[in-house]
Amino acid sequence: KVSKFEQKKATSQLLSVPAVKTDEERVAEAIKDNFAGITVEQFMAHVKRIGYTIEQALAEKDDIISATADWIANEK
(Lines give C-alpha, C1' and ligand atoms only; values in the text may rest on other atoms or scores of the structure.)
Protein backbone atom coordinates (compact mmCIF):
# COMPACT_ATOMS: atom_id res chain seq x y z
CA LYS A 1 0.00 0.00 0.00
CA VAL A 2 1.30 3.46 -0.94
CA SER A 3 0.76 6.37 1.42
CA LYS A 4 -1.05 9.50 0.27
CA PHE A 5 2.21 11.43 0.73
CA GLU A 6 4.02 9.08 -1.68
CA GLN A 7 1.15 9.34 -4.16
CA LYS A 8 1.26 13.14 -4.07
CA LYS A 9 5.05 13.11 -4.44
CA ALA A 10 4.88 10.79 -7.47
CA THR A 11 2.13 12.89 -9.05
CA SER A 12 4.01 16.16 -8.54
CA GLN A 13 7.14 14.66 -10.09
CA LEU A 14 5.16 13.62 -13.14
CA LEU A 15 3.65 17.08 -13.46
CA SER A 16 6.92 18.94 -13.07
CA VAL A 17 8.07 18.66 -16.67
CA PRO A 18 10.71 21.29 -17.43
CA ALA A 19 9.46 24.15 -19.57
CA VAL A 20 10.65 24.17 -23.16
CA LYS A 21 12.07 27.50 -24.24
CA THR A 22 10.91 29.09 -27.46
CA ASP A 23 13.42 29.95 -30.18
CA GLU A 24 13.02 33.62 -29.29
CA GLU A 25 13.82 32.93 -25.64
CA ARG A 26 16.88 30.89 -26.57
CA VAL A 27 18.13 33.63 -28.91
CA ALA A 28 17.45 36.35 -26.35
CA GLU A 29 19.48 34.45 -23.78
CA ALA A 30 22.32 33.85 -26.24
CA ILE A 31 22.61 37.44 -27.48
CA LYS A 32 21.68 39.35 -24.32
CA ASP A 33 25.13 40.90 -23.98
CA ASN A 34 26.00 41.10 -27.66
CA PHE A 35 28.56 43.65 -28.71
CA ALA A 36 26.59 44.88 -31.74
CA GLY A 37 23.35 45.84 -29.99
CA ILE A 38 21.18 43.80 -32.34
CA THR A 39 17.72 42.67 -31.31
CA VAL A 40 16.21 39.21 -31.22
CA GLU A 41 14.00 40.16 -34.16
CA GLN A 42 16.99 41.26 -36.25
CA PHE A 43 18.90 38.10 -35.39
CA MET A 44 15.92 35.89 -36.25
CA ALA A 45 15.31 37.72 -39.54
CA HIS A 46 18.94 37.35 -40.57
CA VAL A 47 18.98 33.66 -39.63
CA LYS A 48 15.90 33.11 -41.77
CA ARG A 49 17.43 35.14 -44.61
CA ILE A 50 20.61 33.03 -44.71
CA GLY A 51 18.71 29.76 -44.37
CA TYR A 52 20.18 28.63 -41.06
CA THR A 53 18.32 26.80 -38.34
CA ILE A 54 18.27 28.33 -34.88
CA GLU A 55 20.59 25.55 -33.69
CA GLN A 56 23.12 26.36 -36.43
CA ALA A 57 22.91 30.08 -35.68
CA LEU A 58 23.34 29.61 -31.94
CA ALA A 59 26.33 27.33 -32.50
CA GLU A 60 27.96 30.19 -34.44
CA LYS A 61 26.32 33.03 -32.54
CA ASP A 62 29.27 35.43 -32.51
CA ASP A 63 29.69 35.16 -36.28
CA ILE A 64 25.94 35.45 -36.83
CA ILE A 65 25.72 38.48 -34.54
CA SER A 66 28.50 40.15 -36.51
CA ALA A 67 26.92 39.25 -39.85
CA THR A 68 23.53 40.49 -38.64
CA ALA A 69 25.04 43.80 -37.55
CA ASP A 70 26.68 44.18 -40.98
CA TRP A 71 23.42 43.31 -42.72
CA ILE A 72 21.48 45.86 -40.63
CA ALA A 73 24.10 48.56 -41.26
CA ASN A 74 24.00 47.95 -45.01
CA GLU A 75 20.21 48.09 -45.07
CA LYS A 76 20.19 51.64 -43.70
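## Overall picture

A residue counts as buried when its relative accessible area is under 20%. In this predicted model, 21% of the 76 residues of the chain meet that mark. The fold is helical throughout its regular parts: there are five helices and zero strands, and reading along the sequence gives the pattern α-α-α-α-α.

How do distant parts of the chain meet? Taking contacts between residues at least 6 apart in sequence, 45% join residues at least 24 apart.

## The two sides of helix α3

Helix α3 is a good place to start looking. It spans residues 40-50, and its buried residues are V40, F43, M44, H46 and V47. These five lie on the same side of α3, because they cover an arc of only 165° around the axis. Some background helps here: an α-helix has 3.6 residues a turn, so residues three or four places apart point the same way.

Turn to the other side of α3 and you will find E41, K48 and R49 exposed. The buried residues, in contrast, pack against three helices: α2 (23-31), α4 (54-59) and α5 (61-75). Just after α3 comes G51, which takes a positive phi of about 80°.

## The nonpolar core

In soluble globular proteins, nonpolar side chains tend to be buried together. In this chain, the largest nonpolar core has 11 residues: V27, I31, I38, V40, F43, M44, V47, I54, A57, I64 and I65. Each of α2, α3, α4 and α5 supplies at least two residues of this core. The largest share is that of α3, with four residues.

A57 is a handy member of the core to click on. Leaving aside residues up to four places away in sequence, A57 touches F43, V47, Y52 and I64.

## Where α3 meets α5

Two packed helices are described by the angle between their axes and the distance between the axes. For α3 and α5, the axes come within 9 Å and cross at roughly 95°. An angle of 65 to 115 degrees counts as roughly perpendicular, and α3 and α5 are therefore roughly perpendicular to each other. On the α3 side, the contact is made by Q42, F43, A45, H46, V47, R49 and I50. On the α5 side, the residues are K61, I64, I65, A67, T68, W71 and I72. By type, the residues of this contact divide into nine nonpolar, three polar and two charged.

Is H46 of this contact buried or exposed? H46, which lies in helix α3, is buried, because its relative accessible area is 4%, under the 20% cut-off. Apart from residues up to four places away in sequence, H46 touches I64, A67, T68 and W71. Those four residues also appear on the α5 side of the contact between the helices.

## Far in sequence, closer in space

Two pairs of residues show how the chain brings separate stretches towards each other. N34 sits in the loop between α2 and α3, and it counts as buried because its relative accessibility is 16%. N34 and K61 are 27 residues apart in sequence, with a C-alpha to C-alpha separation of 9.4 Å in space. K61 is also one of the α5 residues in the contact with α3.

The second pair joins D70 and A36. D70 has its place in helix α5 and is partly exposed, with a relative accessible area of 46%. D70 and A36 lie 34 residues apart in sequence, while their C-alpha atoms are 9.3 Å apart in space.

Terms used:
Residues are numbered from 1 along each chain as its sequence is written. This is a predicted model: local features need pLDDT of at least 70, side-chain atom pairs count only at pLDDT 80 or more; totals for chains, interfaces and linings use all residues. Side-chain values use heavy atoms; hydrogens and water are left out. Buried means under 20% relative accessible area, exposed over 50%, partly exposed in between (1.4 Å probe, protein chains only). The arc is that of the directions from the helix axis to the C-beta atoms. Contact means heavy atoms within 4.5 Å. A nonpolar core is a set of buried Ala, Val, Leu, Ile, Met, Phe, Trp, Tyr and Cys residues joined through side-chain atoms within 4.5 Å. Axes are lines fitted to C-alpha atoms, for helices over the stretch in contact, and angles run from 0 to 180 degrees between N-to-C directions. Angles under 35 degrees count as roughly parallel, over 145 as roughly antiparallel, 65 to 115 as roughly perpendicular and the rest as oblique. Ala, Val, Leu, Ile, Met, Phe, Trp, Tyr, Cys and Pro count as nonpolar, Asp, Glu, Lys and Arg as charged, and the others, Gly among them, as polar.
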